[in-house]
Amino acid sequence: MSYKERKNKRGFDETRPMEAKVGVIKRADGSAYFKIGNTWAYAAVYGPRNLHPKFLQDPSTGILRCHYNMMPFSGSGERVRPGGSRRSKEISMVTEKALLPVLSLEEFPNTVVDVFIEFPQTEAGSRCAGITAAAMALADAGLAMKDMIAAVSVGRVDDKLVVDLDYSEEAYEGGPVADIPVAVMPSSGKITLLQMDGLVKKEMLKDLLAKAKAACAKIYEVQKRALKEKYTRVDEE
Amino acid sequence: MNSELRNHIIRLLESGTRLDGRKLTDYRQPIKIEYGVSNTAEGSAKVQIGDTEVIAGVKVEISTPFPDTPEEGGLMVNTELLPLSSPDFESGPPGIEAIELARVVDRAIRESKAVDFKGLCIEKGEKAWFIMIDVISLNSSGNLLDAASLAAIAAVKDMRFPALNDEGKIEYKEKTDKKLGMKAWPLSVTVSKIGSSFIVDPDLDEEKVIDARLTVGSLDDGTLCSMQKGGNSPLAEQDILQMIDIAVEKAKELRKML
């Protein structure tokens with residue numbers, strides 16, 4: 001047995017179709033959405049702004065807070081009950097760690113930058129889509145960034161190494177599966193998010209990280225295009 | 001600061017115009033309804049009124065009917081005022097604003113009797129469909145009430161029941177073409193009173209200075225199905241009658257866009 005063909009004749013190194021737009025939430029200081037296949041992430045940035053309660057403030061730097069949340073109707077099965085779950089709290093935390101290395105919040109002591117990530121619909125790869133959207137929203141907010149952040153999941157489905165797993169691949173039962181969400185700083189190539197579920201050999205992981213970097217380079221192009229479009233777009237009246 | 005803003009707004013209203021140049025009973029433009037925006041929902045719609053944007057999604061579940069209505073299914077409206085949509089909203093359990101919003105939208109749909117609750121029953125006392133409508137704010141720039149009402153109804157219109165498998169469980173990925181048969185299209189319109197003027201669709205500045213508001217749910221033929229007075233000032237009977245006329249008229253205009 002081997003994994004032969006992906007849905008919609010997608011190549012093994014190919015992501016699902018992507019779409020990005022910046023400045024989609026008017027009241028936010030920065031915002032963006034990022035779609036990859038059927039996964040759709042909105043991100044909004046507020047701040048740097050006052051942080052209350054005061055004991056949370058850090059006089060040496062501003063802090064970053066990320067909030068990952070699925071809209072109640074965004075899961076493929078039953079309604080997702082509103083309010084945080086263990087899963088959403090952990091993803092919020094790793095999202096924070098994925099974005100922090102490119103920010104310089106020490107310029108804004110005692111403040112907070114809040115990043116809210118919301119999904120109208122999901123089908124695998126939501127934390128990576130959320131991080132990709134959040135990075136665009138941070139850039140849109142005009143915060144100084146040392147690099148961009150792009151994220152994608154890579155993995156293995158049986159004998160094949162794949163990029164951007166969809167739901168059917170995460171749930172593949174014909175052989176071993178590994179799902180590895182990765183966030184990359186596209187210019188330096190450094191990795192800011194790395195998680196893994198499943199079984200791989202070390203050599204395989206090396207190849208997969210190379211594939212993740214290559215895919216993130218393409219995602220980075222989509223991000224840059226969306227950011228530039230905001231300033232060339234002529235709003236139709 | 002608000003008293004300066006208030007005086008300015010009142011002066012404008014008395015001369016028949018508003019901060020953004022609208023007439024008193026004009027909605028902001030554009031008003032857009034986009035159906036089927038979430039393919040994980042059984043029905044969904046994104047509604048835009050001016051800069052205000054909300055998204056509504058319907059999920060269905062099969063559950064045991066309530067003991068007092070063993071032959072009926074159920075419907076629930078929930079709203080989430082996301083901190084993503086405004087610097088004024090905070091994370092955490094729904095505040096009173098979100099709760100009122102959900103209950104007012106819920107009441108208009110429920111009390112219109114447009115939904116056949118008995119038709120949602122699958123097996124008396126055992127199994128029935130429950131319809132959960134979640135209305136989520138994407139950008140909060142005033143008049144969330146009317147936007148939420150329009151989005152909830154549009155999502156219901158877009159909704160198709162999912163298929164059932166042999167064990168009677170829901171196959172969420174498989175939609176049928178069965179709709180939720182609606183006997184009418186209840187819509188809520190909020191009329192606000194500032195000074196002695198009545199306006200619809202207040203923006204954020206206007207919302208800060210309103211004296212009172214009346215949300216009126218009405219049906220296609222002008223029958224009223226729900227009401228909610230808000231704001232700190234009282235209303236005279238004459239005010240109420242006039243506000244109802246405006247609300248029913250405006251609901252007819254909005255209904256044409258569904």
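## Sheets, helices and a shared core

Biologist: In this predicted model, an open sheet in chain B has four strands in the order 10-9-11-12, with antiparallel pairing. What makes strand 10 and strand 12 of chain B edge strands?

Modeller: Strand 10 (197–200) and strand 12 (224–230) of chain B each have a single partner strand, so one side of each has no neighbour in the sheet. From one strand to the next, the twist averages 25 degrees.

Biologist: How do you know that strand 9 and strand 11 of chain B are paired?

Modeller: Pairing needs at least two bridges between the strands. Strand 9 (residues 187–194) and strand 11 (residues 212–218) of chain B have seven bridges, in the antiparallel sense, so they qualify as a pair. To see one of the links, find B:T190, whose bridge partner in strand 11 of chain B is B:T215.

Biologist: Which strands of that sheet does helix 5 of chain B touch?

Modeller: Helix 5 (residues 237–255) of chain B packs on the sheet and touches strand 9, strand 10, strand 11 and strand 12 of chain B. The direction of helix 5 makes about 135 degrees with that of strand 9 of chain B. Helix 2 (residues 96–111) of chain B lies across strand 9, strand 11 and strand 12 of chain B, and runs at about 160 degrees to strand 12 of chain B.

Biologist: Let's turn to another helix. How do you know that the span of helix 1 of chain B agrees with what is expected?

Modeller: Helix 1 (residues 2–14) of chain B has 13 residues, which at 1.5 Å a residue should span 18 Å. The end C-alpha atoms are 18 Å apart, so the two values agree. After helix 1 of chain B comes B:G16, with a positive phi near 85 degrees.

Biologist: Now to chain A. Why is strand 8 of chain A called largely enclosed?

Modeller: A residue counts as buried if 20 or more other C-beta atoms lie within 10 Å of its own. Seven of the eight residues of strand 8 (residues 177–184) of chain A are buried, so the rest of the structure largely encloses this strand.

Biologist: Which strands pair with strand 8 of chain A?

Modeller: One of them is strand 6 (residues 150–157) of chain A, which pairs with strand 8 of chain A in the antiparallel sense over eight bridges; there A:V157 has A:V177 as its bridge partner. Strand 9 (residues 191–194) of chain A is also antiparallel to strand 8 of chain A, over three bridges, and A:A183 has A:L193 as its bridge partner. Strand 10 (residues 197–198) of chain A pairs with strand 8 of chain A over two bridges, again antiparallel, with A:D179 opposite A:D197. In the hairpin of strand 8 and strand 9 of chain A, six residues lie between the strands, and A:G189 takes a positive phi near 80 degrees.

Biologist: How many residues does each chain give to the contact?

Modeller: Chain A gives 23 residues and chain B gives 30 residues. On the side of chain A that touches chain B, strand 5 of chain A gives the most, with four residues. By class, that side has 10 nonpolar, eight polar and five charged residues.

Biologist: Which residues touch the most other members of the largest nonpolar core?

Modeller: They are A:A133, B:A151 and B:A152, in a core of 136 residues. Helix 3 (residues 144–158) of chain B gives the largest share of this core, 11 residues. Among the residues that B:A151 touches are B:A45, B:V47 and B:V135.

Terms used: Residues are numbered from 1 along each chain as its sequence is written. Chains are lettered from A and ligands numbered from 1 in the order in which they are written. This is a predicted model: local features need pLDDT of at least 70, side-chain atom pairs count only at pLDDT 80 or more; totals for chains, interfaces and linings use all residues. Axes are lines fitted to C-alpha atoms, for helices over the stretch in contact, and angles run from 0 to 180 degrees between N-to-C directions. Two residues are in contact if their C-beta atoms, placed from the backbone, lie within 7 Å. Ala, Val, Leu, Ile, Met, Phe, Trp, Tyr, Cys and Pro count as nonpolar, Asp, Glu, Lys and Arg as charged, and the others, Gly among them, as polar. The expected span of a helix is 1.5 Å times one less than its number of residues. A nonpolar core is a set of buried Ala, Val, Leu, Ile, Met, Phe, Trp, Tyr and Cys residues joined through C-beta atoms within 7 Å. A residue is buried if 20 or more other C-beta atoms lie within 10 Å of its own, exposed if 12 or fewer, and partly exposed in between; C-beta atoms are placed from the backbone. Lists of a residue's contacts leave out its neighbours within four places in sequence.
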